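Subject: A structure for you to explore

Hi there,

Here is the structure I promised to pass on to you. Please open it beside this email, and then read on for what turned up.

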Amino acid sequence: MAAPPVIIWENEVQKLMSYSELVPCLEDALGKFSRRDSADVIQPVRTTVVLQKQNGFMGLMPTYMENDGVLCTKLVCFYKRQDGSTLPSTQATVVLLDPEYGNVKAVLDGDVITDARTAAVSAISAKLLMRPKAEVLAILGTGRQALSHYNIFNEMFSFKEVRIWSRTLEGVERFRQSVSGPLTACVSVEEAIKEADVIVTATKCTEPVLFGQWVKPGAHVVAVGACRPDWRELDDVLMKEAVVYVDSREGAMTESGDVILSGAHVFAELGDVINGTKHAYREKTTVFKSLGMGVEDAATANLVFKKWQKKAGQL
Ligand SMILES: NC(=O)C1=CN([C@@H]2O[C@H](COP(=O)(O)OP(=O)(O)OC[C@H]3O[C@@H](n4cnc5c(N)ncnc54)[C@H](O)[C@@H]3O)[C@@H](O)[C@H]2O)C=CC1
Ligand SMILES: O=C(O)C1=NCCCC1
């Protein structure tokens, strides 16, 4: 009889997580994913169930990394909330299993993992695709993803200016109070992204918020929101003029409204660039369309669980 699963919740996951360990761990996972070797990674495209009544979705994200002995699935619900709603817009739980026995070893809070791994993968895209002398970072949105992106981008890079834009003044104020570093609040998207070298879109919008005509040539855009086939954050001009990178080709062709509806060509996966099989066009305008992958959650949860085991004297 297998031991019952351990539960590792929000505060503990936060304590065990460090970006300096997470970034190389995710670079390794992205590279393995793009090699498409089933002994490295099996990760089907996310299965999504529509929650009609609640105006949301439940995503199931299973992954098996045979060579690493990691079997995992994330369950994530995400919603289109009304303005002013106090309910969470995303809720996730990560389950780690023993591939031999099939029992659940650990259940981890998935919100911290989702925030951290999404921002870390975005930072990897910037490391690979932004101009070497990038000075201005603009973040659109002031929610959870905006915050984790602010934190890791400031930890990994030295931007001279970080700008933030939100639809509401309250959003900007709340954001300002939750960070300690530099911040310029902007009243419009156009003002925020003018001459910006790196732009992160982390909004819940379903129509384009970022327009190619405003984007500085050579900028790197990290598009984190719009994870449904009929949702957009970026307009057709930007999608068609930029060199487009994604986390998963299959995922992008199934879930990304920005890719599907614009008809833009997907040049490469981030893992292809890591593996050296596709070029990083730093000098051109680039878009990294992030949708989130199970392998990112599996690698992150495994990292956290190993640290938990070490701390508990089990390793
Ligand atoms: N690519 C990935 O791996 C992941 C993507 N996401 C997606 O990232 C996006 C942001 O997620 P969170 O920060 O967790 O959400 P959140 O609810 O914490 O923040 C959402 C932000 O979007 C803004 N917003 C809402 N509607 C808008 C509109 N019509 N125009 C402009 N701004 C608007 C809100 O004011 C807020 O600042 C969501 O679309 C979410 O589904 C979330 C997790 C992982
Ligand atoms: O990868 C994830 O986790 C998510 N992706 C898109 C929407 C919410 C969660």
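Helices (H or I, at least four residues) and strands (E, at least two) are DSSP runs, numbered from the N terminus. Counted that way, the chain has 11 helices and 14 strands. Please keep in mind that this is a predicted model, in which local features need pLDDT of at least 70 and side-chain atom pairs count only at pLDDT 80 or more, while totals for chains, interfaces and linings use all residues. Residues are numbered from 1 along each chain as its sequence is written, and chains are lettered from A and ligands numbered from 1 in the order in which they are written.

**The whole chain**

The radius of gyration (taken over C-alpha atoms) is compared here with a globule rule, 2.2 Å times the number of residues to the power 0.38. The chain has a radius of gyration of 19 Å, close to the 20 Å that the rule gives for 315 residues, so it is as compact as a globular protein of that length. Its C-alpha trace spans about 60 × 45 × 40 Å along the principal axes.

A residue is called buried if 20 or more other C-beta atoms lie within 10 Å of its own, exposed if 12 or fewer, and partly exposed in between, with C-beta atoms placed from the backbone. Of the 315 residues, 45% count as buried. Two residues are in contact if their C-beta atoms, placed from the backbone, lie within 7 Å. Among contacts with a separation of 6 or more, 67% come from residues 24 or more positions apart.

**Two domains**

Domain bounds come from an automatic or database domain assignment. Here the assignment gives domain 1 (6-113 + 295-313) and domain 2 (122-293). Their centres, taken over C-alpha atoms, are separated by 22 Å. Where they touch, domain 1 contributes 16 residues and domain 2 contributes 17 residues. On the domain 1 side, α2 (19-35) and α11 (294-311) each supply at least two residues, and the largest share, 9 residues, belongs to α2.

For residue classes, Ala, Val, Leu, Ile, Met, Phe, Trp, Tyr, Cys and Pro count as nonpolar, Asp, Glu, Lys and Arg as charged, and the others, Gly among them, as polar. The side of domain 1 that touches domain 2 then has 7 nonpolar, 4 polar and 5 charged residues.

**Two helices to look at**

The expected span of a helix is 1.5 Å times one less than its number of residues. For α2, with 17 residues, that gives 24 Å, and its end C-alpha atoms are indeed 24 Å apart. Its buried residues include Leu-22, Leu-26 and Phe-33, and the buried residues of α2 pack against α3 (110-129), β13 (266-269), α10 (270-275) and α11. After α2 comes Arg-36, with a positive phi near 55 degrees.

Helix α3 agrees with its expected span too: 28 Å for 20 residues, with its end C-alpha atoms 28 Å apart. Because 18 of those 20 residues are buried, α3 is largely enclosed by the rest of the structure.

**The ligands**

A residue is near a molecule if its C-beta atom, placed from the backbone, lies within 6 Å of it. Around ligand 1 there are 25 residues, and Gly-143, Gln-145, Cys-205, Gly-225 and Gly-292 come nearest. The elements giving two or more residues to this shell are α3 and α4 (144-156), and α4 gives the most, with 3 residues. By class, the shell has 8 nonpolar, 14 polar and 3 charged residues. Where does ligand 1 lie relative to the domains? Both domain 1 and domain 2 give residues to its shell, so ligand 1 lies between them.

Ligand 2 is surrounded by Val-76, Phe-78, Thr-90, Ala-92, Thr-114, Cys-227, Leu-291 and Gly-292. Two or more of these come from each of β4 (70-79) and β5 (90-97). The shell holds 5 nonpolar, 3 polar and no charged residues.

**Two single residues**

Is Gln-213 buried or exposed? Gln-213 is exposed, because 9 other C-beta atoms lie within 10 Å. You will find Gln-213 in the loop between β10 (198-201) and β11 (220-223).

Lys-307 sits in helix α11 and is partly exposed, with 19 other C-beta atoms within 10 Å. Lys-307 and Leu-16 are 291 residues apart in sequence, yet their C-alpha atoms are 6.5 Å apart in space.

Enjoy exploring!
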